[in-house]
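Biologist: Please take a close look at one part of this model and follow its packing outwards, step by step. I would like the cut-offs behind each term as you go.

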Amino acid sequence: MAKVYDVPAQEFVSRLTEILKNEEIPAPVWSSFVKTGAHADKPPQQPDWWYTRCASILRKIYLNGPISIADMRSIYGGGKARGYGIASHRYAGGAIIRNAVHGLEKLGYVEMVEKKGRIVTKQGMKKLDNLS
């Protein structure tokens, strides 16, 4: 049986996005006009970017867990151009990641380990392994 490690990330995240759209992860009101971080110039152009980010976060927690919000802010961050010099790293927005993780916790896919970060629950692991 294939695991999440064996499946290409883009295919896996796109299929998981479709599943999360049907479940009860509400997108925040501000998600239509917010930038994803200080490194971004514009808000995301895809209308369902929130569910894609939730699926991507769930996959990252599965692969790297236990992982903290600060670690995910670093992963989803990017380079910000500073004139003619080299681009410097900027963190991603914490509210986006935090709200996505809280939504996944409400569904029972993610749980918090004290002072270590978030991990995928058995229910979440079963769902992701069946999807892969």
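Modeller: Leu 16 has its place in helix α1, where helices (H or I, at least four residues) and strands (E, at least two) are DSSP runs numbered from the N terminus. The model is a predicted one, in which local features need pLDDT of at least 70 and side-chain atom pairs count only at pLDDT 80 or more, while totals for chains, interfaces and linings use all residues. Residues are numbered from 1 along each chain as its sequence is written, and side-chain values use heavy atoms, with hydrogens and water left out.

With a relative accessible area of 2%, Leu 16 is buried; buried means under 20% relative accessible area, exposed over 50% and partly exposed in between, for a 1.4 Å probe and protein chains only. Setting aside neighbours within four places in sequence, Leu 16 is in contact with Ala 55, Leu 58, Leu 128 and Leu 131, contact being heavy atoms within 4.5 Å.

Leu 128 leads to helix α5 (residues 122–131), in which Gly 124, Leu 128 and Asp 129 are buried. Viewed down the axis of α5, these buried residues fall within an arc of 125°, so they line one face of the helix; the arc is that of the directions from the helix axis to the C-beta atoms. An α-helix has 3.6 residues a turn, so residues three or four places apart point the same way. The buried residues of α5 pack against α1, α2 and β4 (117–120), whereas the face turned away from the buried side carries the exposed residues Lys 122, Lys 126 and Asn 130.

Leu 58, another of the residues that Leu 16 touches, belongs to α2 and takes part in the meeting of α2 with α4. The axes of α2 and helix α4 (residues 94–107) come within 10 Å and cross at roughly 75°; axes are lines fitted to C-alpha atoms, for helices over the stretch in contact, and angles run from 0 to 180 degrees between N-to-C directions. The two helices are therefore roughly perpendicular to each other, a label for 65 to 115 degrees, with under 35 counted as roughly parallel, over 145 as roughly antiparallel and the rest as oblique. On the α2 side the contact includes Trp 49, Trp 50, Arg 53 and Cys 54, and on the α4 side Ile 96, Ile 97, Asn 99 and Ala 100 are among the partners. By class, this contact has 11 nonpolar, 1 polar and 1 charged residues, where Ala, Val, Leu, Ile, Met, Phe, Trp, Tyr, Cys and Pro count as nonpolar, Asp, Glu, Lys and Arg as charged, and the others, Gly among them, as polar.

Helix α2 also takes part in aromatic pairing, and a search of the whole structure finds 3 aromatic pairs. Rings of Phe, Tyr and Trp (its six-membered ring) pair if their centres lie within 6.5 Å, with planes under 30 degrees apart called stacked, over 60 edge-to-face and the rest tilted. Tyr 5 and Tyr 62 form a tilted pair, 5.8 Å centre to centre with 50° between the planes. Tyr 5 lies in the segment before α1 (9–22) and Tyr 62 in helix α2 (residues 49–64), so the pair ties together parts that are 57 residues apart in sequence. Tyr 5 is exposed at 56% relative accessibility, while Tyr 62 is buried at 12%.
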